[in-house]
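Here's a quick briefing on how two chains meet and where empty space is left. Have a look at the sequence and the model first, then read on.

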Amino acid sequence: MKEVITSLLMLGGAAFAFLAAVGILRLPDLFSRMQAATKCSAFGVTCVMLAVSVHFAELGIVTRAIMTIIFVFLTAPVAAHMIGRAAYFIGVPLWEHTVTDELKGRYDMRTHALNASDHPPSPNATIKP
Amino acid sequence: MFISNILLALTWAAISGEFTLHNVLLGFIVGLGILLMAQRVTGRSRYFTKVRQVIGFIGFYLWELIIANLRVAYEVMTPGYRIRPGVIAIPLDASTDMEIAMLANLITLTPGTLSLDVSTDRQVLYIHALYVDDIEAVRRNIKEGMERRVLEVLR
Amino acid sequence: MMFSTFESLAGGIALALLSSALFVAFFRLARGPSLPDRVVALDLISTISVAIIAVYTIITDTPVLLDVAIVLALIAFLGTVAFARYLEKGVS
């Protein structure tokens, strides 16, 4: 039973990592590629690490596996955010069929500040004192 | 409340003499049950609603993650593009750093959305979405699905 | 006994899948076209390596290797962040 669960998790994780790689090759622009790379690879590593903890089932190893999962979940979005921001800033083109781009022209190229002052604030935003 | 729960779990493990992961987890659950029953003596606590919210939140998060992966998988495996990507501005209700960071992480890990940047005055979050059929619908989904839950858990 | 071979069979298939994933991601790394594309591919390659190490840990029953996976995940994140900063701010 344990072996079956381990095998399934391992195969699932590998399949999702493979999908991430195919996605990164197939999708049309950088931002779509990043969507595939971030989500699928995080999920793949999670599955494989769960397989590790099911296989060994010892406190020390399970702790390490769970730490790795938490770490990947915390860092993958941060890395994606930083690359996405840098890519947008240096002008990597969006796909030509992109529907809308509300970020266009909002960066101050010298100070790297992002100006959103003319955007309507959230209707129920709390005003900070 | 959380500390006493951990203490109860450790006590359970120490007394039953088996310091394994299963046993500590079991002790945690038993401790939760004991605290729940002791509520009549200690008075009502926000801890239990918090625990329920956190468990619901984790379930929701995992569910969204699986959906996200299957959707991207479907998109990748089938020929031709069905995606309609776009960059969308989301006005934020979340105000502290922690709330914004949690929300941005969550958005990145859910179906078809990826957070790109927060404006310098921290009022607007810009996201890249894969399936933009209706800009307002995407915006409403994020605000009412993600942000409400994140704020519910953190506040 | 039969199940232990079953598990190693699954491990072999997983390793094959992961290696082909490495190959495909490497294709994107070589092709570009822009620098951020390459950074994303590199990030994906390091994540796949973490998965490979974990699968290898299971197959060979050596949990010590898990530490390598953790350190690799840490360093890959640092590398990606450094790349992103370099892209945005330039060399200065």
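Which element gives the most to the lining of the second largest cavity? That would be α2(C), with 4 residues. Keep in mind that this is a predicted model, and every value below is computed from it. The notes start with the A–C interface, then go through the cavities and the largest pocket.

**Where chain A meets chain C**

- On the chain A side, 45 residues are in contact with 50 residues of chain C.
- The size of an interface is often given as the accessible area lost when the parts come together.
- For chain A and chain C that comes to about 4100 Å² buried between them, with 81% of it on carbon and sulfur atoms.
- The rule also picks up 5 residue pairs in polar contact across this interface, counting pairs with both residues at pLDDT 80 or more.
- Three helices of chain A each give two or more residues to the side touching chain C: α1 (2–26), α2 (30–56) and α3 (59–89).
- Of these, α1(A) has the largest share of that side, at 15 residues.
- Sorted by class, the chain A side breaks down into 34 nonpolar, 7 polar and 4 charged residues.

**Salt bridges**

- Searching the whole structure turns up 3 salt bridges over all chains, and the count between chain A and chain C is 2.
- One salt bridge pairs A:Arg33 with C:Asp37, and their closest N and O atoms sit 2.4 Å apart.
- That pair crosses between chains, running from helix α2 of chain A, home of A:Arg33, to helix α2 of chain C, where C:Asp37 sits.
- Another salt bridge joins A:Arg64 to C:Asp67, with 2.7 Å between the closest N and O atoms.

**Closed cavities**

- Rolling a probe the size of a water molecule over the atoms shows where empty space is left.
- Here the count comes to 2 cavities of 30 Å³ or more.
- The largest cavity holds about 280 Å³ of space.
- It has 22 lining residues, and the closest to its centre are A:Ser41, A:Thr75, A:Ala76, C:Asp43 and C:Thr47.
- Both chains chip in: α2 and α3 of chain A, plus α2 (35–60) and α3 (65–89) of chain C, each supply at least two residues of the lining of the largest cavity.
- The largest share of that lining is from α3(A), with 7 residues.
- By class, the lining of the largest cavity has 16 nonpolar, 5 polar and 1 charged.
- The second largest cavity has a volume of about 30 Å³.
- From chain A, its lining takes A:Gly13, A:Ala17, A:Ser41, A:Gly44 and A:Val45, while chain C brings C:Leu44, C:Thr47, C:Ile48 and C:Ala51.
- You'll recognise A:Ser41 and C:Thr47, which are also among the residues closest to the centre of the largest cavity.
- Helices α1 and α2 of chain A and α2 of chain C each give at least two residues to the lining of the second largest cavity.
- That lining divides into 5 nonpolar and 4 polar residues, with no charged ones.

**The largest pocket**

- Now over to the open space: the largest pocket has a volume of about 1600 Å³.
- It is lined by 38 residues, and the closest to its centre are A:Ile66, A:Ile69, A:Ile70, B:Ile58 and B:Leu62.
- The elements giving two or more residues to this lining are α2 and α3 of chain A, along with α2 (21–37), α4 (46–77), α5 (97–108) and α6 (135–154) of chain B.
- Again α3(A) turns up: 9 residues, the largest share of the lining of the largest pocket, come from this helix.
- In terms of class, the pocket lining has 30 nonpolar, 6 polar and 2 charged residues.

Key
Residues numbered from 1 in each chain as written. Chains lettered and ligands numbered in written order. Predicted model: local features only at pLDDT ≥ 70, side-chain atom pairs only at ≥ 80, totals over all residues. Heavy atoms only, no water. Contact = heavy atoms within 4.5 Å. Buried area = accessible area lost by both parts, 1.4 Å probe. Salt bridge = Lys/Arg side-chain N within 4 Å of Asp/Glu carboxyl O. Polar contact = N/O pair within 3.5 Å; in protein donor to acceptor, adjacent residues only side chain to side chain. Nonpolar A, V, L, I, M, F, W, Y, C, P; charged D, E, K, R; others polar. 1 Å grid on protein atoms, 1.4 Å probe; cavity = no way out; pocket = protein on both sides within 12 Å on 5 of 7 lines; lining within 4 Å. Points joined across faces, edges and corners; volume = space filled by probe spheres on them.
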